Amino acid sequence: MTDTPTDLGTIEAERQRIRDAHLRPAAERPRSTARGLHHTALISGDVERTVRFYQDVLGFPLTELIENRDYPGSSHFFFDIGNGNLLAFFDFPGLALGPYAEVLGGLHHCAISVEPARWDEIVRRLDEAGVEHVVHSEVSVYFRDPDGARIELISDPLGEMYGNQVL
């Protein structure tokens, strides 16, 4: 794969074309057919390591650990990330899965909302655990979990991004 030069003016013009064609004012948007995000499922290379990271470092309580119905011997486990939402994981013992990779159709990052009052505490926990991270705009911290998945913890209010209402 090679990188190609980027014409930012052309990209912004295309972004505007898509907005004009598809983005409706909030009062004109139909109600979503979805109720919310039930869970996002990531892959874990080690169940206990994942539990220690997400529960002990990030403060997301483990809520259940069951067998994965689709793959005998595999675990399916869940963490409470607030507002009735779950972050889930599978492990796949016996499968030679490669390292985490960002690919088309794959996960770039998972952004999880945290209370502004707890944000500094969680960044401190990342420091104490020796987790490499990057703070952006004093509201977002980016890091990789033990299996390489990119996670963002963001203290902007739900439905807001960079000071813009997105919902």
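In the predicted model, serine 140 has isoleucine 154 as its bridge partner in strand β8. Serine 140 itself is found in strand β7, and β7 and β8 pair in the antiparallel sense, with five bridges between them. The hairpin that these two strands form has five residues between the strands, and within this hairpin glycine 148 takes a positive phi near 100 degrees.

Serine 140 also has a bridge partner in strand β6, namely histidine 136. Strand β6, which comprises residues 133-136, runs antiparallel to β7 and is joined to it by four bridges. In the hairpin of β6 and β7 there are three residues between the strands, and serine 137 takes a positive phi near 60 degrees.

The surroundings of serine 140 can be described in further detail. With a relative accessibility of 4%, serine 140 counts as buried, because the cut-off for that class is under 20%. Its side chain is joined to that of glutamate 152 by a polar contact of 2.6 Å. When neighbours within four places in sequence are left aside, the residues in contact with serine 140 are Trp119, Val134, Val135, Glu152, Leu153 and Ile154.

The strands discussed above belong to an open sheet of four strands, arranged in the order β5-β8-β7-β6 and with mixed pairing. Strands β5 and β6 form the edges of this sheet, each of them pairing on one side only. Neighbouring strands are turned against each other by 20 degrees on average, direction ignored.

Strands of this sheet also contribute to the largest nonpolar core of the model, which contains 25 residues and in which Tyr54, Leu58, Phe143, Ile151 and Leu153 touch the most other members. At least two residues of the core are supplied by each of the helices α2 (47-57) and α3 (116-128), and likewise by each of the strands β3 (75-80), β4 (86-90), β5 (110-113), β7 (140-144) and β8 (150-154). Helix α2 provides the largest share, which amounts to five residues. In soluble globular proteins, nonpolar side chains tend to be buried together.

Isoleucine 151, one of the core residues that touch the most other members, illustrates how these elements meet. Apart from its neighbours within four places in sequence, isoleucine 151 is in contact with Leu42, Tyr54, Cys110, Ile112, Val141, Tyr142, Phe143 and Asp145. Among these contacts, Tyr54 and Phe143 are likewise named with the core members that touch the most others.

Note on methods
Residues are numbered from 1 along each chain as its sequence is written. This is a predicted model: local features need pLDDT of at least 70, side-chain atom pairs count only at pLDDT 80 or more; totals for chains, interfaces and linings use all residues. Side-chain values use heavy atoms; hydrogens and water are left out. A nonpolar core is a set of buried Ala, Val, Leu, Ile, Met, Phe, Trp, Tyr and Cys residues joined through side-chain atoms within 4.5 Å. Buried means under 20% relative accessible area, exposed over 50%, partly exposed in between (1.4 Å probe, protein chains only). Contact means heavy atoms within 4.5 Å. A polar contact is a pair of N or O atoms within 3.5 Å; within protein, one must be able to donate a hydrogen and the other to accept it, and residues adjacent in sequence count only if both atoms are side-chain atoms. Two strands pair if DSSP finds at least two bridges between them. Axes are lines fitted to C-alpha atoms, for helices over the stretch in contact, and angles run from 0 to 180 degrees between N-to-C directions.
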